[in-house]
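The exercises below concern pairs of charged side chains and their exposure to solvent. Work through each task with the structure in view before reading its solution.

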Amino acid sequence: MLAFKQILAVALTGLACAACGIDTETKTETERPSVNDAPVIHDKALVLDSHIDLELDLIADDMDPWSSGESRANIQKMQAGGMDGAFLIVFSPQGEDTPAGIATASQVAETRFDAISRLTEKHAGEIELALTAADARRIHTSGKRIALIGVENAFPFGHSTADVETWAARGVRYVGITHVGHNQFADSSNPSYSRGEKDALHGGLSPLGEELVTTLNEAGIIVDVSHASKAASLQAMERSKVPVIASHSGVTGVSNNLRNLDDEQLLALKNNGGVIHIVAYGPYLKDKTPEQMAFETKIRKEMGLEDDFAFMAMNAETEDAFDKKMAPAKALSTPANVNDLINHIDYVVATIGIDHVGIASDFDGGGRIEGWMDASETLNVTKALIARGYSEDDIKKIWSGNLLRVLENVQAYANP
Ligand SMILES: [Zn+2]
């Protein structure tokens, strides 16, 4: 399988990236390091995780998000695992599109933003907010951890793009347009069927969503297409004057999930000069086995949920009951592990090249896989990349070179 991918990669090598002027290369053929070199290579690379969440119940009023010790990422775990920095996420769940729903989401966003501020203030000697790629590199050299800020779900912005400037000034450097459920800006890859949503509300981006992409470009904020529908992501890539990212997704070429990007999206991403960050979240990395699918069919029949629409529209209570009944299915397959993550990276590299892939843990937002259960185990990812034949230069691109290149491009466009 890998041999086939490598042949495909060779065939695709040399297709220039229209938007960014870089020639796409696949894995470097020279200097294959050994796994024994992993600690040294890991230490030299700027290891940047593109997506770490902050759990609301771990953010008490005066606490920083990491002081409880329960988070999968904190400064000590990052130091132990050689993780140099991360995009910390201001996430708001999708609510009803009413003034009250938007006000609630806005409050949640403020809570998370305040927690990041407390974190960087309280531990100013150990972690620092980066506003540019140059900041990130300087902070890395200083030995401190790097904090960058991303927004997941633009819903709290309301029916206007006026807040974008404010969030840019507060340090936000990427914005994910949607989450689960359509919003005023775009369709989601996961409609909220329990709210009665159909597959598409806008057919991709709404007119306000188009305005959002332009406004983010002008503000020097990266557009993030993770969670957006396929149509919305393609339209965002088409409209954006600068590269976009998928901050935490997988690829359908390895695991067929609605949240993942297919080959058409990957090729659009390559033309756009963007980067997909493969997410360490099992359900997006690994397909269910036939045994697991048969088990699910049995449970759905038992619960009267055979009809797909009934299944997708079940309420929270039924979903809870379904999840409980489905628990034994986990034992029917081995859990996703670091090798599954690397399978997606290999696929992206073979399809669109080494310049378009990165990594996201999604810690404290559901992310965890065998071998990378928290930030202290981050070296295992570099070891697995080396075992798969990636060079030191490849690894540096994957861990941050590609993402920081996009950030530089986006900021240069906004501040010529
Ligand atoms: Zn997410």
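**Exercise 1.** Is E392 buried, partly exposed or exposed in this model?

*Solution.* The model is predicted, and the relative accessible area of E392 in it is 22%. Buried requires a value under 20% and exposed a value over 50%, so E392 is partly exposed.

**Exercise 2.** Find the partner with which E392 forms a salt bridge, and locate both residues along the chain.

*Solution.* The side chain of E392 meets that of K44 in a salt bridge, with an N to O distance of 3.1 Å. E392 belongs to helix 16 (residues 392-414) and K44 to helix 2 (residues 38-44), so that the pair, 348 residues apart, links distant parts of the chain. K44 has a relative accessibility of 48% and is therefore partly exposed.

**Exercise 3.** Decide how K288 and E296, which form a salt bridge, are classed by accessibility.

*Solution.* The N to O distance between the two side chains is 2.7 Å. K288, with a relative accessible area of 47%, is partly exposed, whereas E296, at 10%, counts as buried.

**Exercise 4.** Describe the salt bridge between R145 and D84, including the setting of each residue.

*Solution.* The closest N and O atoms of R145 and D84 are 3.8 Å apart, which lies within the 4 Å cut-off. R145 lies in strand 4 (residues 145-152), while D84 lies in the loop between helix 3 (75-81) and strand 2 (85-91), 61 residues apart. Both residues, R145 and D84, are buried.

Key:
Residues numbered from 1 in each chain as written. Predicted model: local features only at pLDDT ≥ 70, side-chain atom pairs only at ≥ 80, totals over all residues. Heavy atoms only, no water. Helix = DSSP H or I, 4+ residues; strand = E, 2+ residues; numbered from the N terminus. Buried < 20%, exposed > 50% of the residue type's maximum accessible area, 1.4 Å probe, protein only.
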